[in-house]
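Thank you all for coming. I would like to walk through one chain this morning, beginning with what sits inside it and then turning to how it is divided.

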Amino acid sequence: MGYAQLVIGPAGSGKSTYCSSLHQHCETTRRTIHIVNLDPAAENFDYPVAMDIRELISLDDVMEELGLGPNGGLMYCMEHLEENLDEWLTEELDNYLDDDYLVFDCPGQIELFSHVPVVKNFVEHLRRKNFNVCVVYLLDSQFITDVTKFISGCMSSLSAMVQLELPHVNILSKMDLVTNKKDVENYLDPEPQLLLAELNQRMAPQFQKLNKSLIEVVDQYSMVSFLPLDLRKESSFNGKDQYSLPSCSIQYILSQIDNCIQYGEDADVKVKNFDPEEDD
Ligand SMILES: Nc1nc2c(ncn2[C@@H]2O[C@H](COP(=O)(O)OP(=O)(O)OP(=O)(O)O)[C@@H](O)[C@H]2O)c(=O)[nH]1
Ligand SMILES: [Mg+2]
């Protein structure tokens, strides 16, 4: 059984920074994880790249040879990846052992997760290879300072959730940049009725019915819950910081994700089986 995180979210939401912080954290705690670059447009990395889509296809080549722009070019690259899953991914995955932990740093174009099947097929391939996969969805905390932005963030996360059908952890990134705690605190674990009241207040009266349906959808999928990540935090901290802002450390987030994909549970079993003292 392998373990994998699929790190997704809008452009610039902090996916690559999250991956590199995760890598650093695991180095400190002597845990092995492998970060995979799935962004054919990425150029600089703060982490050692274990597998790299650019070895399969380069965005520059695609743009030059096919005369495509950056987004069309990226879609082409991802479709190429999809067509080569059996060869490229299978071959690359052969380099990893049974219980290895991979983290996939994805591109930020959200259409990849909302209405084209490439990521879904990618994930299905991983699952066939016996990987437990969790989606880690990052949303920039700077963008949820009011209810309309919050709902739109929820909707984009929700479309990935519905399309990928995987365990799903939502993270609010860049908490160190939040200066007004009230801005964000209201949206960390919000009361649906309060959200609705706020939304009605913001929007023209003819949207009231739509607002109600939107809040119901968000509530029913019980995904109105974001873990606020502050990369400055080091311990397993999950609580209020010195400015009484709720936030959590990367270690806490990792433990939540590990839980989702049952990482560590099998290891415990192994230790028990091989412990002679346990025999009696
Ligand atoms: N202050 C602060 N800045 C951050 C944090 N995370 C990311 N950033 C900054 O946000 C910008 C985008 O970060 P990336 O990690 O490249 O974001 P990304 O989601 O990988 O972006 P794309 O791959 O282009 O979609 C960079 O300038 C980062 O330095 C954070 O926790 N705090
Ligand atoms: Mg990136």
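The largest nonpolar core, that is, a set of buried Ala, Val, Leu, Ile, Met, Phe, Trp, Tyr and Cys residues joined through C-beta atoms within 7 Å, has 70 residues in this predicted model. Buried here means that 20 or more other C-beta atoms lie within 10 Å of a residue's own, with C-beta atoms placed from the backbone. The residues with the most contacts inside the core are Leu-6, Val-7, Val-136 and Ile-171. Its largest share, 8 residues, comes from strand β5, residues 131-140, where a strand is a DSSP run of E of at least two residues, numbered from the N terminus. Because domain 1 and domain 2 both give residues to this core, it lies between them.

Those domains, whose bounds come from an automatic or database assignment, are 1-187 + 224-259 for domain 1 and 189-222 for domain 2. Their C-alpha centres lie 28 Å apart, and 10 residues of domain 1 are in contact with 10 of domain 2, contact meaning C-beta atoms, placed from the backbone, within 7 Å.

As for confidence, pLDDT, the predictor's score for each residue from 0 to 100, averages 87 over the chain, with 90% of the residues at 70 or more. Over residues 269-274, however, pLDDT stays under 50.

A note on conventions: residues are numbered from 1 along each chain as its sequence is written, and chains are lettered from A and ligands numbered from 1 in the order written. In this predicted model, local features need pLDDT of at least 70 and side-chain atom pairs count only at 80 or more, while totals for chains, interfaces and linings use all residues.

Note on methods: Two residues are in contact if their C-beta atoms, placed from the backbone, lie within 7 Å. A residue is buried if 20 or more other C-beta atoms lie within 10 Å of its own, exposed if 12 or fewer, and partly exposed in between; C-beta atoms are placed from the backbone. Helices (H or I, at least four residues) and strands (E, at least two) are DSSP runs, numbered from the N terminus.
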